[in-house]
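Colleague: I'd like a close look at one part of this model, with enough of the surroundings to place it. Could you take me through it once it's on screen?

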Amino acid sequence: QVAFVESGGGVVQAGGSLRLSCEASGRTFTIVTMGWFRQAPGKGREFVAATTWRGSNTHYADSVKDRFTISRDNAKNTVYLQMNSLKPDDTATYYCAVGPSVLTTIKERYRYWGQGTQVTVSS
């Protein structure tokens with residue numbers, strides 16, 4: 001199994017930036033893809049971005065494309081989500097999780113969710 005710990009959330013003004021970190025532990029060698037999701041109060045968990053654990057394949061939700069960048073540092077067992085030009089609609093709890101062998105936006109395909117980190121964007 002794999003466990004994730006998300007960090008880096010906080011409160012930022014609209015237009016600002018944050019970088020979220022997701023440190024993995026356990027059987028990280030089993031990871032092929034992983035993703036970031038977010039959940040705002042009263043809403044379902046929404047796909048944000050996904051990446052292969054090795055290599056450079058990525059996919060983004062249309063709502064964050066060209067603003068967010070997913071990356072990873074395998075030596076640190078950590079994946080990042082660089083968030084720029086933040087909007088109030090980005091306010092949510094952000095989670096990372098292990099995905100399947102191909103990139104997907106379907107949350108049901110992901111497992112081993114972290115506890116999340118809160119991002120609040122003020123107007």
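Colleague: Where is the place of glycine 16?

Modeller: Glycine 16 sits in the loop between β2 (10-13) and β3 (18-26). Keep in mind that this is a predicted model. With a relative accessibility of 18%, glycine 16 counts as buried, because the cut-off for that is under 20%.

Now for the company around that glycine. If you skip the neighbours within four places in sequence, glycine 16 is in contact with Met83, Asn84, Ser85 and Leu86. Lysine 87 is also worth a look: its C-alpha is 8.3 Å from that of glycine 16, although the two are 71 residues apart in sequence.

One of those contacts, serine 85, deserves its own stop. Serine 85 belongs to the loop between β8 and β9, and its relative accessible area of 40% makes it partly exposed. Its backbone is the curious bit: serine 85 has a positive phi of about 50 degrees, yet it is not a glycine. As a rule, most residues other than glycine have a negative phi. Asparagine 77 is another non-glycine with a positive phi of about 50 degrees. You'll find asparagine 77 in the loop between β7 (68-73) and β8, partly exposed at 27% relative accessible area.

Stay with the loop between β8 (78-83) and β9 (92-99), because aspartate 90 lies there and pairs with arginine 38 of strand β4 (residues 33-39), so parts 52 residues apart in sequence are tied together. The contact is a salt bridge between the two side chains, at 2.8 Å from N to O. Both arginine 38 and aspartate 90 are buried, and for arginine 38 the relative accessible area is 6%.

Arginine 38 has another partner, too. Its side chain meets that of glutamate 46 in a salt bridge, at 3.0 Å from N to O. Glutamate 46 is partly exposed, with a relative accessible area of 32%. Step back a little and you get a network of salt bridges linking Arg38, Glu46, Arg67 and Asp90. In general, side chains of opposite charge can pair when their charged atoms come close.

The structure holds four salt bridges. Among them is the one between glutamate 108 and lysine 107, where the closest N and O atoms are 3.5 Å apart. Here glutamate 108 is partly exposed at 49% relative accessibility, and lysine 107 is partly exposed at 35%. Across the protein there are 14 positive and 9 negative side chains, with the centres of the two sets 5 Å apart.

Finally, the setting for all this. The protein has ten strands and zero helices. Its radius of gyration is 13 Å, close to the 14 Å that the globule rule gives for 123 residues, so it is as compact as a globular protein of that length. Along the principal axes, the C-alpha atoms fill a box of roughly 40 × 25 × 25 Å. Of the 123 residues, 43% are buried. The glycine 16 pairing with a distant stretch has plenty of company: among contacts between residues at least 6 apart in sequence, 57% join residues at least 24 apart. As for the outside, the accessible surface comes to about 6,400 Å², and carbon and sulfur atoms account for 46% of that.

Conventions: Residues are numbered from 1 along each chain as its sequence is written. This is a predicted model: local features need pLDDT of at least 70, side-chain atom pairs count only at pLDDT 80 or more; totals for chains, interfaces and linings use all residues. Side-chain values use heavy atoms; hydrogens and water are left out. Helices (H or I, at least four residues) and strands (E, at least two) are DSSP runs, numbered from the N terminus. The radius of gyration is taken over C-alpha atoms; the globule rule is 2.2 Å times the number of residues to the power 0.38. Buried means under 20% relative accessible area, exposed over 50%, partly exposed in between (1.4 Å probe, protein chains only). Contact means heavy atoms within 4.5 Å. Accessible areas come from the Shrake-Rupley method with a 1.4 Å probe; for residues, only the protein chains shown count as cover. Lys and Arg count as positive and Asp and Glu as negative; His and the chain ends are not counted. The place of a charge is taken as NZ of Lys, CZ of Arg, CG of Asp or CD of Glu.
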